[in-house]
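Visitor: Could you take me through this model and show how each label is earned from its value?

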Amino acid sequence: MFRRIGSGVVRHPVWTIVAWLIAAVAIVATAPGLPSNSDESSFLPKSYESIKAADLQAKAFPSAFTPSAIALYQRTDGGKLTAADKEDVARITTELGKKHIDQVQKVVPGQPSKDGRYTMTLVQMDSKNAGQPVQADAAKVLRDDVKQLAKGTDLDVKLGGSAAQALDQQDSSKRGEALIGIGTFLIILVTLLIIFRAPILAFLPLVLIGVVASIANGLIAYATKLFGLQANSSVSSILIVVLFGVGTDYFLFLMFRYRERLRAGDEPKQAMVNAVARVGEAIASAAGAVIIAFLALVLSTLGFLKQMGPALAISVTVTLIAGLTLIPAVVSLIGPKVFWPSKSWQQEPQNARFAALGRGVQRRPALTAALSGLVLVALSLGTLGYKATFDLASGSMPKTKESMVVQDEMQKAYSAGAAAPTDVYLSSSDGGPLDESAFASYAEKLGAVDGVASARMSQVNQGGTTADFTVTLKYEASTEKAIDAVGRVREVAHSAAPDGTEAVVGGMSSIYKDINSAVNHDYRTVFPVAALLIMLILGLLLRSVVAPWYLIASVGLGFGATLGATVWIFQDAQGHPGLMFMLPVIMYLFVVAIGTDYNILMIARLREEAREGRDPREAASMALRHAGPTVAAAGFILAATFATMMLAGNALLTEMGFAVSFGIAVAAFVMAMFFTPSLTALIGHAAWWPGNADRAQDTTAGPDTGSDTSGPASGTADQDSVTQGPTGRRG
């Protein structure tokens, strides 16, 4: 199949390129805008208690005041607020309300802090648009207006709250995307220049992947709108890295094999046909593993991950199609001039490092497997200290952003949980009025819960059927202590509810607790499903039952090593209270799925070498010699491109960038180069049971009629290249 694809593309390269350009223009011109949502509650299904509480609040207290923005005032000299300062705050609050800013429904004064140094203005916005960009726009107007109104006073005012956080997150995301884009571009360009010393080849993947990115983003926007998926601004940053990182991987897989076929003496166009035929199955299988793993996120209960899964799967699918059609078409038109001005493509350098590494694996496979395995196990021990944090907003921007400064200052000036109180809604089971005589006792029991600063009955709805008890925790809403405390509040709220009543607990800490439960559900569901599907792809590719088990086990070890190293770096060394809650899920998918790419490339090459009559140890040696440079180059570029996410300046992308780049480096330079080939060499022919995929095949067919790597022959050109010495290197 892959030979037919290669032949068709090489015969009609111009039409292939024109088809891609038409598709790009049509999709980009007609695609809808990609929405964004920063409201964590929108990521949870309706079945969770915090969402039930939010729905009940909307029905029972439609006019309830829930601030979306908080203006925090203090004196410029840091002293206590004077009577004149308080008058200025009252004036600013009144004038702000008269401006009738879009989305703003109420502007009311807030409570002063106990030390008299701070006070607040609370702004309520339309709850229907919570987390939407329109409220970030409103926060921008509010921030400008409140600072303008405070001019000429002794007050310093900052705007915080969820709407302001959405605004700052949006700004931070744009800056992060720009830095990531520039960093990714430079890393790919410089690395390819160093590897090939050919400017055309260095710029080519960037141009082609740019076309692919425009098509993928358009298709993602269509899918998001069609299926009503949630979007988050962090997805765009991840997409940049996936498209350019994975796209460059597939470009390298193809170009190294193309160079190999040229060195073996193939005519240029036939060299590209043979390259697609030989490496096409490995690329398709590698992409299939990544796509399947990303689609497994559809099983997640979190809207953020549900949207990310299809988006990334679409990106990799488009990249795969481009790798098998667009890239071969363009390169076949340019021919060997793509390597200009370098002439190193014409023959293999002597004393190649990867040949020496291959000989080392051949001589001591047991020692190689043991040492590389011990490194992975040792790093995996760090997972025992893993803790999670759940504040997606603060994790998505630097602590220096204004809304984050407000959050930190409010925690010091007020009770840490005052900025996001917990609400307990008590409702009658039969729809009748509640017995108000039980309210005081119920509030007292809630207030006695460990971790609660105060609890009071704040309001009853018009029909008297639902009461709202405001519970202020001692801890900031997203901390582990707050999440544990709200769990205890739930237990007491349910067990102490008077006869004939039901209680549900809402608020941000309650949402974070439900997100924690949802993530734990995803660990139990997404992880095994993705692993089983990847194993299925490996089994189909290798025609083996044995190999997929130790391949997926090795990738699992790589995941453990990556998470352990991330815990040690960020929690232990840098003192972070925990890692962002979705990091293990994203890490698992990237490290397991993309890390499997390199295992697939190496094991497919090992099988190809074995089919030429080599014993398992020699086949492992030759596979490392020939596929090692590809894995090293692709692994370095992909790891480095993910590392550019650390330039974004926020905890989420910094942790994600380190974790995924480290995991890919482990997958490429430990697993694919040492652990996998040495294990395969030790297991021998049994690795391919029950088939005979590694047995020597009939090699009478020439390169023009040979099959892909799954077919019966490597072809005489390949066979000749084995005996040609340095001039016949496969790349």
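Visitor: Where is Gln103 found?

Guide: Gln103 sits in the loop between helix H4 (83-98) and strand S2 (104-109), where helices (H or I, at least four residues) and strands (E, at least two) are DSSP runs, numbered from the N terminus. This is a predicted model, in which local features need pLDDT of at least 70, side-chain atom pairs count only at pLDDT 80 or more, and totals for chains, interfaces and linings use all residues. Residues are numbered from 1 along each chain as its sequence is written, and side-chain values use heavy atoms, with hydrogens and water left out.

Visitor: Why is Gln103 called buried?

Guide: Buried means under 20% relative accessible area, exposed over 50%, and partly exposed in between (1.4 Å probe, protein chains only); Gln103 has 14%, so it is buried. Its phi is near 80°, a positive value in a residue other than glycine.

Visitor: What makes Arg197 partly exposed?

Guide: Its relative accessible area is 48%, which lies between the two cut-offs, so Arg197 is called partly exposed. Arg197 lies in the loop between helix H6 (162-196) and helix H7 (199-227), and its phi, near 50°, is likewise positive in a residue other than glycine.

Visitor: How do you know that the span of helix H19 agrees with the expected one?

Guide: The expected span is 1.5 Å times one less than the number of residues, so the 27 residues of H19 (547-573) should span 39 Å, and the end C-alpha atoms, 38 Å apart, agree with that. H19 is mostly covered, with 19 of its 27 residues buried, and just after H19, Gly575 takes a positive phi of about 75°.
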